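Me: I am in my first year and would like a close look at a single part of this structure, explained step by step. Could you choose the part, place it in its surroundings and take me through it slowly?

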Amino acid sequence: MTRVPLLSAQGLNVRYGAIQAVRGIELSINEGEIVTFLGANGAGKSSTLNALVGLVPVAEGRVLFDDQDITDLAPERLTPMGLTLAPEGRRVFGGLTVEENLRMGAYAVNDVDRRMAAWDMVYDLFPILHERRKQFAGTLSGGQQQMLAIGRALMCGPRLLLLDEPSLGLAPKIVGQIFDLIALLRERDVTLGIVEQNVAMALEVADRGYVMAAGRVVATGTAEELRQTDRLRAAYLGEE
Amino acid sequence: MDLFVQQTVNALALGGTYALLALGLAVVFSIMGLINFAHGELMTISGYTLMYCGILGVPFAVSVPLAILAAVLAAVAMERIAFRPVRGGSGATMLITSFAVAMILQVLFQNLISARSQAVALPQILSQSVHLGNVIIGVNKIAAIAATVLMLIFLDRFMNRQKTGIAMRAAAEDFAVARLMGIRANTVIAGAFAISGLLAGVAAVLWVSQRASVDPLMGFTPVLKAFIAAILGGLGSLRGAVAGGFMLGFIEVYLAAFLPQEFQEFREPIGLGLVVLILLFRPNGMIPSRFLGLIKV
């Protein structure tokens, strides 16, 4: 029996008006894996993630999650199914307290026990969020906001969590903490898809990766293989 | 001094009504970027409900909740029928839609009810007044202030404690991310309209209880004032709407009371001049919304 991926996309295209951001890519993420998406700015990584969760429309192609066609589903339909995204730039609700942000993360969870478990897990992973739970999220430091953004996304108990540039704009020490956390999440059986500009760090935690350039996947393989190919360098330097 | 206290009570009563209306506009605007000019027609619907209840001899204690309910239902229906199809359209599209809804309703009121002002039966007690020392305060003013305070407390509780209220604040800040949490656009938008209808309904009861009449254009002036109040306070900011409503109420009442007789005919321009002056120094309003200018999906 072949293993069915948790999420897969076939011939995925994303367009913004006349601009084609993603050009017919194929990808898959298996249960329990950490998969990273690498590439220079404008390669189409974020567009890909946004299209997977329904934030931007899929122009062509199909997206399957847990064997169901989710191509045209809105993000608010996907969260209850176990697919969510922690967006680029953190985007915490600054005018809400830390606690309210997390409460919103669990908005789609109706089961009280599952919700309690999520609170325990998030406060256990991020003691700082518990400490600051009454504080407005807008007053947190960048690193704390990123932890809140990830914690908020974890509150819905996702089977697949997509992280868009979790280390963007953070101090090196904090970046290390974020990646430690990602390693911790793996131990808790959260499947992850990560868009990251910090290539070395990303390949260290990831099992597999896709290298994108100009809206296409130009290389794919295990993290080990990608570390050794020239395609990665080429993709960043814009040589195709 | 007595006159000052008396006028302050009047200003609180009028300002409170403006504040409730401005809040209704702000709740909807903060979530979907729509300035709903048909908000006034929600008031008019409430007013006519009060009028018909009076004609049918329904007790006032029953007709008030009915009038408020009518505005809530009308607001939700308005969203469902008129605004949902243009959701995601430009601000101009939604604005024009709201004008269309307002005009259609006004014409319906004129043709189906009457173009003229109709009397609304009010209980005796509302026209009585209370003597506190030398100050005479109308019961309707006290009722207006009490109702405003109750509504503000209710709204504060709702927005800060209730899951749907918090979701509305989240959606006002970043709609796309709110959807990623599983918050449905329809839920928060319908919720915002229901709240705005509730506020318009309460404001209508207060408005009618000061005037005892209703006409097809009844909602136009107060909502125009509420719009000015919302801008004055900071468009999209709920606290700003309340502050702007009270500020405008105070400006209007104090000018009417204390401006020398020969300047009275310039009262409105002087009042609006003051508004412009405040906006010159605080162009985003007294308590600006922090999130205005964020892209809404």
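Reply: This is a predicted model, and before turning to the part itself, a word on one whole chain may help. Chain B has 11 helices and four strands. Its radius of gyration is 19 Å, close to the 19 Å that the globule rule gives for 297 residues, so chain B is as compact as a globular protein of that length. Along its principal axes, the C-alpha trace of chain B spans about 60 × 50 × 35 Å.

The part to look at closely is in chain A, where six strands form an open sheet with mixed pairing, in the order β6-β7-β8-β3-β9-β10. At the edges stand β6 (83-86) and β10 (216-222) of chain A, and because each has a single partner strand, one side of each is left without a neighbour in the sheet. Neighbouring strands here are turned against each other by 15° on average, if direction is ignored.

Within this sheet, strand β3 (residues 34-38) of chain A pairs with strand β8 (residues 191-195) of chain A in the parallel sense, over four bridges. If you wish to find this pairing in the picture, look for A:Val35, which stands opposite A:Gly193 in β8(A). Helix α1 (residues 45-52) of chain A packs on the sheet, where it touches β3, β6, β7 (160-164), β8 and β9 (208-213) of chain A, and its direction makes about 145° with that of β7(A). Helix α7 (residues 172-187) of chain A lies across β3, β7 and β8 of chain A, and runs at about 155° to β8(A).

Helix α1(A) also leads to another sheet of chain A. That open sheet has four strands in the order β2-β1-β4-β5, with antiparallel pairing. Its edges are β2 (19-29) and β5 (68-69) of chain A, each with a single partner strand, so one side of each is left without a neighbour in the sheet. Strand β1 (residues 7-16) of chain A is joined to β2(A) by eight bridges, and the two run antiparallel. One place to see this is A:Leu7, whose bridge partner in β2(A) is A:Ile29. On this sheet α1(A) touches β1, β2 and β4 (60-65) of chain A, and its direction makes about 115° with that of β1(A). To bring the picture together, α1(A) packs on the six-stranded sheet and also on the four-stranded one.

Definitions and conventions: Residues numbered from 1 in each chain as written. Chains lettered and ligands numbered in written order. Predicted model: local features only at pLDDT ≥ 70, side-chain atom pairs only at ≥ 80, totals over all residues. Heavy atoms only, no water. Pairing = 2+ DSSP bridges. Axes fitted to C-alpha atoms, helices over the stretch in contact; angles between N-to-C directions. Contact = heavy atoms within 4.5 Å. Rg over C-alpha atoms; globule rule 2.2 N^0.38 Å.
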